[in-house]
Amino acid sequence: MKTKFIAILVLLCGIWWATPVEAYDPVQVQQLLKTKQCGGCDLTNANLVGVNLSQAHLIGASLMGANLSKANLTGANLEGADLTGAKLDHANLTNAYMTNAILDDSNLASANFTNASLLHANLHRANVNSTIFKNANVTGADFTGANYNLAIAD
């Protein structure tokens with residue numbers, strides 16, 4: 001009987017550990033979508049595919065693992081935001097402010113950072129394949145280990 005109980009317990013623990021964690025606060029997601037203001041919000045793992053967040057204020061927000069593929073972040077302020085592991089492929093970040101942002105292990109493939117400010121941003125191991133950095137300010141940015149085949153910079 002004890003062996004059966006332990007086996008069931010081990011199985012349930014394995015299922016619990018394998019379940020993806022959605023750490024974001026749905027109220028904060030709605031606040032962001034309605035007002036485009038969410039500084040310091042926890043949007044970890046939020047699904048924001050294709051949303052219009054132009055001019056959004058996300059200073060210091062946690063967007064770790066968030067899916068922002070094809071999102072419009074034109075002119076958005078993401079200073080100090082943590083986008084570790086975020087998906088930003090095909091996103092428009094033209095004129096975005098990303099000073100001190102953390103983009104480690106993020107997917108930035110085919111994203112547009114034209115005229116963006118990435119001062120002292122961390123892009124460790126980021127995928128920047130075919131990413132556009134035309135006139136972007138990347139002074140002090142750390143691209144250590146980044147995959148940058150066909151990235152466009154001027």
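1. A quick definition before anything else: a residue is called buried here when its relative accessible area is under 20%. Keep that cut-off in mind for Phe113, which comes out at 0% relative accessibility and therefore counts as buried. Also bear in mind that this is a predicted model.

2. On the overall layout, the protein chain has two helices and two strands. Read from the N terminus, the order is α-α-β-β. Of the 154 residues in the protein chain, 40% are buried. The accessible surface is about 8,300 Å², and carbon and sulfur atoms own 58% of that.

3. Have a look at the contact pattern too. Taking contacts in the protein chain with a separation of 6 or more, residues 24 or more positions apart account for 1% of them.

4. Now back to Phe113 and its neighbours. How many aromatic pairs are there? The count comes to two. One of them joins Phe113 to Phe133: the ring centres sit 5.3 Å apart and the planes are at 10°, so this pair is stacked. To be stacked, the planes have to be under 30 degrees apart.

5. Where do those two rings sit along the chain? Phe113 is in the loop between helix H2 (26–35) and strand E1 (132–133), while Phe133 is in strand E1 itself, so the pair ties together parts that are 20 residues apart in sequence. Phe133 has a relative accessible area of 8%, so Phe133 is buried as well.

6. Phe133 also pairs with Phe143, this time edge-to-face, with 5.8 Å from centre to centre and 85° between the planes. Phe143 lies in the loop between E1 and strand E2 (152–153), and Phe133 in E1, so this pair ties together parts that are 10 residues apart in sequence. Is Phe143 buried or exposed? Neither, as it turns out: Phe143 has a relative accessible area of 27%, which makes this residue partly exposed.

7. Put the pairs together and you get one aromatic cluster, made up of Phe113, Phe133 and Phe143. For a walk through the model, I'd go from Phe113, at 0% relative accessibility, to Phe133 at 8% and on to Phe143 at 27%.

8. Finally, the two ends of H2. At the start of this helix, a side-chain oxygen of Asp25 comes within 3.0 Å of the backbone nitrogen of Val27. Just after H2, Lys36 has a positive phi of about 60°.

Notes:
Residues are numbered from 1 along each chain as its sequence is written. This is a predicted model: local features need pLDDT of at least 70, side-chain atom pairs count only at pLDDT 80 or more; totals for chains, interfaces and linings use all residues. Side-chain values use heavy atoms; hydrogens and water are left out. Helices (H or I, at least four residues) and strands (E, at least two) are DSSP runs, numbered from the N terminus. Buried means under 20% relative accessible area, exposed over 50%, partly exposed in between (1.4 Å probe, protein chains only). Contact means heavy atoms within 4.5 Å. Accessible areas come from the Shrake-Rupley method with a 1.4 Å probe; for residues, only the protein chains shown count as cover. Rings of Phe, Tyr and Trp (its six-membered ring) pair if their centres lie within 6.5 Å; planes under 30 degrees apart count as stacked, over 60 as edge-to-face and the rest as tilted. A polar contact is a pair of N or O atoms within 3.5 Å; within protein, one must be able to donate a hydrogen and the other to accept it, and residues adjacent in sequence count only if both atoms are side-chain atoms.
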